[in-house]
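Me: I want to go through the labels on this model one by one. For each, give me the value, the cut-off and the verdict.

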Amino acid sequence: TTKADIDKFINPRSPSDVQLQSFNTILIVLSRKSIGFLNFVRDLGDYLTSVDDQLRKRGTLLLSEVLWRLPDLNLNTDETKTLLAFYTSRFHDVSCRTEILNGILAILNNYPVHPQEGQKLLLTLFKDIVNQSQAQIARNTTYEIIKKLMEKDIKGILPLGSDFIS
């Protein structure tokens with residue numbers, strides 16, 4: 001069952017081989033569409049909002065890794081809009097920042113994003129994250145997000161004008 005595999009992956013006391021096996025099982029179940037992505041997210045929900053930093057971080061890691069490794073989930077722009085809204089609402093969660101940024105980059109690399117969502121993402125990114133104060137990996141991921149948005153739709157960024165460069 002996917003819920004059991006989610007629990008094993010997220011449990012910090014699970015041995016690494018059990019976590020890896022659970023992760024692979026989740027990927028297989030989702031890629032075969034034995035369970036829908038929405039059901040997976042529902043099963044993951046308590047971890048994504050947990051008050052325990054470590055559980056929340058592992059839950060966010062799992063969601064982001066699934067988005068990276070399964071580019072054929074056939075998510076539409078409404079679904080990516082919801083996922084981006086979730087991730088950007090978590091920008092202030094320092095314990096999960098790297099996992100959050102990786103999830104955003106996975107969406108931008110693998111799924112369709114409406115240009116307005118790209119604009120909104122950039123504005124939120126600039127407003128909520130002081131990139132210079134982040135760890136190197138988070139800074140690099142932020143730059144990759146900006147680069148990907150520019151590659152996807154430079155015309156969608158142009159209306160930002162001075163908001164983009166200030």
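Reply: Start with N74, in the loop between helix 4 and helix 5 (77-89). Keep in mind that this is a predicted model.

Me: Why is N74 called exposed?
Reply: Its relative accessible area is 60%. Exposed means over 50%. So N74 qualifies.

Me: What makes the phi of N74 worth listing?
Reply: Phi of N74 is near 55°. That is a positive value in a residue other than glycine. K33 is listed on the same grounds, with phi near 60°. K33 lies in the loop between helix 2 and helix 3.

Me: How do you know that Q21 counts as exposed?
Reply: Q21 has 55% relative accessibility. The cut-off for exposed is over 50%, so Q21 passes. Q21 is found in helix 2 (residues 16-31). Its C-alpha atom is 9.1 Å from that of K8, and the two residues are 13 apart along the chain.

Me: Why is the pair of F37 and F40 called tilted?
Reply: The planes are 40° apart. Under 30 degrees would be stacked, over 60 edge-to-face, and the rest is tilted. An angle of 40° falls in the rest, so the pair is tilted.

Me: What makes F37 and F40 a pair in the first place?
Reply: The centre-to-centre distance is 6.0 Å. Ring centres must lie within 6.5 Å, so the two rings pair. The whole structure has three aromatic pairs. F37 and F40 are three residues apart in helix 3 (residues 37-48), which means a separation of about one helical turn.

Me: Are F37 and F40 buried or exposed?
Reply: F37 has 14% relative accessibility and F40 has 0%. Buried means under 20%. Therefore F37 is buried, and so is F40.

Me: Why are helix 1 and helix 4 called oblique?
Reply: Helix 1 (residues 2-10) and helix 4 (residues 53-69) pack at about 120°, with axes 9 Å apart. Roughly perpendicular covers 65 to 115 degrees, and roughly antiparallel needs over 145. About 120° fits neither, so the two helices are oblique. Helix 1 passes helix 4 in a right-handed crossing. The contact is made by I6, F9 and I10 of helix 1 and by L55, R58, G59, L61 and L62 of helix 4.

Me: What is the distance from the charged end of R58 to the centre of the F9 ring?
Reply: The distance is 4.3 Å, and the charged end of R58 sits over that ring. The distance limit is within 6 Å, so 4.3 Å meets it.

Conventions
Residues numbered from 1 in each chain as written. Predicted model: local features only at pLDDT ≥ 70, side-chain atom pairs only at ≥ 80, totals over all residues. Heavy atoms only, no water. Helix = DSSP H or I, 4+ residues; strand = E, 2+ residues; numbered from the N terminus. Buried < 20%, exposed > 50% of the residue type's maximum accessible area, 1.4 Å probe, protein only. Lys NZ or Arg CZ within 6 Å of the ring centre and 35° of its normal. Axes fitted to C-alpha atoms, helices over the stretch in contact; angles between N-to-C directions. Left-handed = near helix turned anticlockwise from the far one by under 90°. Contact = heavy atoms within 4.5 Å.
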